Amino acid sequence: MEYVKRLEDIKVKKSGVVTLGKFDGVHRGHRKLIERVLQIGKKEDCETAVFTFDVSPQVRMGSAKAKMLMTNEERRSLLKEIGVDLLVECPFTEAVQNMEAEEFVEKVLIGRLRMKYAVVGTDFHFGRGRRGNPEFLRRMGKEMDFSVEIVQKEKDGSRDISSTYVREELEAGRMENVRRLLGYPFFVSGKIVHGRHKGHSFGYPTINQVPAPEKLLPPWGVYTSRTRVGGKLYNSVTNIGKKPTVRGKELGAETYLFDCDENLYGLEARVELLSFQRPERKFESEQALMAQLRRDAEEARENAERINIRRIYPKGTP
């Protein structure tokens, strides 16, 4: 997958099929759009492109929360796995913010991306004052010779699947629901860093990650997890929080990998949170904490055996 940030760096060799949006979480609704883009791209021999912003326009303008379901790097990684040809992660500058919808279509979608097909959701808006919408695109398509396909919302029961809906479930710690809405397990990714090595002294050597500040996390506590690192997949148990019993100060993700004795420092890990086990709390002693760690690990092992996760990762990802 090619990745560009500056509009002037976009270089496409043939006509494109494009979808546009925030794509926070790349949930099942987003996947519906992207899968249609891939279908059209294959049938019509077009370059497939996702156009998004480095920061959500709503966040930049102060009308939405700054915390996101995934970092830009996580979104980039997932879109690459899905098989998109091009990701444009445009900075939401004042010039872009003030660009009229007609100008955006003419200069960016046609001029840069050579768009022949657009795939958008029913609530898609763009351009200055959010004047652009799916019907606006269709009218311009008739003038400028491109086709527009409007995709209906993916549903969860009677409710539309949206990033807002996913955030609600995540903030409540309902990880099974989050997984259903996303279509894959919610994950925390990042480089493995050195911690205080308390887990090793307790007999539970752990890997430590520092989540990005913009990453929205579920309630602090212990989770049954699954970890992808070094090309391998491990069942695991993860604590999200500050570890108050050992006077921790930094918010982090600490994970104990089952049946792993490798040195993993410096590697990138993807820790998938499968189910919530208990809230984080301060124990009266380190001995009490050790006893609880044993119970947490046993529960996580049992949970991992019963949780059946539908694999959605393509191209041989474990």
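**Aromatic pairs, the parallel sheet and salt bridges in a predicted model**

Phe126 counts as buried, at 8% relative accessibility (buried means under 20% relative accessible area, exposed over 50%, and partly exposed in between, with a 1.4 Å probe and protein chains only). The structure is a predicted model, in which local features need pLDDT of at least 70 and side-chain atom pairs count only at pLDDT 80 or more, while totals for chains, interfaces and linings use all residues. Residues are numbered from 1 along each chain as its sequence is written, and side-chain values use heavy atoms, with hydrogens and water left out.

Phe126 makes a convenient starting point for the aromatic residues. Across the whole structure, 9 aromatic pairs are found (rings of Phe, Tyr and Trp, the last by its six-membered ring, pair if their centres lie within 6.5 Å; planes under 30 degrees apart count as stacked, over 60 as edge-to-face and the rest as tilted). The ring planes of Phe124 and Phe126 stand at 20 degrees with the centres 5.3 Å apart, so this pair is stacked. Phe124 is buried too, with a relative accessible area of 10%. Both residues belong to a cluster in which ring pairs link Phe51, Phe53, Phe92, Phe104, Phe124, Phe126 and Phe136. An edge-to-face arrangement is found for Tyr256 and Phe258, with 5.5 Å from centre to centre and 75 degrees between the planes. Tyr256 counts as buried at 17% relative accessibility, and Phe258 is buried with a relative accessible area of 4%.

Charged side chains also meet aromatic faces. Arg159 lies over the face of Tyr165, at 4.0 Å from the ring centre (a charge sits over a ring if NZ of Lys or CZ of Arg is within 6 Å of the ring centre and within 35 degrees of the ring normal). Lys215 is placed over the face of Phe187, at 5.4 Å from the centre of that ring.

Next comes the sheet. It is open, has 6 strands in the order 1-4-3-2-5-6, and shows parallel pairing (two strands pair if DSSP finds at least two bridges between them; helices, H or I with at least four residues, and strands, E with at least two, are DSSP runs numbered from the N terminus). Strand 1 and strand 6 (147-151) stand at the edges with a single partner strand each, so one side of each is left without a neighbour in the sheet. On average, neighbouring strands are turned by 20 degrees against each other, direction ignored (axes are lines fitted to C-alpha atoms, for helices over the stretch in contact, and angles run from 0 to 180 degrees between N-to-C directions). Within the sheet, strand 2 and strand 3 (residues 47-53) pair in the parallel sense over 5 bridges, and Gly16 has Glu47 in strand 3 as its bridge partner.

Two helices can be placed against these strands. Helix 1 (residues 28-44) lies across strand 2, strand 3, strand 5 and strand 6, and runs at about 160 degrees to strand 5 (contact means heavy atoms within 4.5 Å). Helix 3 packs on the sheet and touches strand 1, strand 3 and strand 4, its direction making about 160 degrees with that of strand 4.

Salt bridges complete the picture, and a search of the whole structure finds 30 of them (a side-chain nitrogen of Lys or Arg within 4 Å of a carboxyl oxygen of Asp or Glu). Lys5 forms one with Glu89, the closest N and O atoms being 3.7 Å apart. Lys5 lies in the loop between strand 1 (2-4) and strand 2 (16-20) and Glu89 in strand 4 (residues 86-90), so the pair ties together parts that are 84 residues apart in sequence. Glu89 is buried, with a relative accessible area of 1%, whereas Lys5 is partly exposed at 32%. Glu89 also forms a salt bridge with Arg76, with 3.2 Å between the closest N and O atoms. Arg76 is in helix 3 (residues 72-82) and Glu89 in strand 4, so parts that are 13 residues apart in sequence are tied together.

A further salt bridge joins Arg128 and Glu100, with the closest N and O atoms 3.6 Å apart. Arg128 is in the loop between strand 5 (115-121) and helix 6 (134-144), and Glu100 in the loop between helix 4 (94-97) and helix 5 (101-110), 28 residues apart. Both are partly exposed, Arg128 with a relative accessible area of 44% and Glu100 with 29%.
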